[in-house]
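Hi everyone, thanks for having me. I'd like to walk you through one model today, so let's put it up on the screen.

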Amino acid sequence: HLIKNPAATFFVRVSGESMLGAGIHHGDLLIVDRSLEPKDKNVVIAVVNGDMTVKRIRIRRKKISLEPENSDYAVQDIGDAMEFQVWGVVTAVIHSL
């Protein structure tokens, strides 16, 4: 039920609190599908200048930014000189109760 594309799916454990507003907590397990094309407002796993992050991607007029869901964290605008790659779209979060 949680994995639609097994060959393109991986799991990642969350470290940090930048996505609390999206229901993603420190220690949660994310299910990530590499086969999906990231669309505006998707939650994605991305690598920016060598650092992995989970954020909401915003795509506006060919400009990309990564937005946290916690006001304690800043929006990160992706510039031309930055190394940037989306590793996949988060499709589910497994959260312990």
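Let's begin with what lines the largest pocket: by class, eight residues there are nonpolar, four are polar and three are charged. Please keep in mind that this is a predicted model. The pocket itself has a volume of about 190 Å³. Its lining is made up of 15 residues, and those that lie nearest the centre are Val-14, Ser-15, Met-52, Thr-53 and Val-54. Which elements give two or more residues to that lining? They are strand 1, residues 9-13, and strand 4, residues 51-60. Strand 4 gives the most, with four residues.

Now let's turn to the sheet. You can trace seven strands here, in an open sheet with antiparallel pairing, and their order is 1-2-7-3-4-5-6. So which strands stand at the edges? Strand 1 and strand 6, the latter covering 76-78, each have a single partner strand, so one side of each is left without a neighbour in the sheet. If you rotate the view, look at how the strands are set against each other: neighbours in this sheet are turned by 45 degrees on average, ignoring direction.

Let me finish with one pair inside that order. Strand 3, residues 43-48, runs antiparallel to strand 7, residues 84-94, and the two pair over five bridges. If you'd like one bridge to find for yourself, start at Ala-46: its bridge partner in strand 7 is Val-86.

Thanks for listening, and I'm happy to take questions.

Key: Residues are numbered from 1 along each chain as its sequence is written. This is a predicted model: local features need pLDDT of at least 70, side-chain atom pairs count only at pLDDT 80 or more; totals for chains, interfaces and linings use all residues. Side-chain values use heavy atoms; hydrogens and water are left out. On a 1 Å grid over the protein atoms alone, a cavity is a set of points where a 1.4 Å probe fits but cannot get out, and a pocket is an open set with protein on both sides within 12 Å along at least five of seven lines; lining residues have an atom within 4 Å of a point. Grid points are joined across faces, edges and corners, and a volume is the space filled by probe spheres set on the points. Ala, Val, Leu, Ile, Met, Phe, Trp, Tyr, Cys and Pro count as nonpolar, Asp, Glu, Lys and Arg as charged, and the others, Gly among them, as polar. Two strands pair if DSSP finds at least two bridges between them. Axes are lines fitted to C-alpha atoms, for helices over the stretch in contact, and angles run from 0 to 180 degrees between N-to-C directions.
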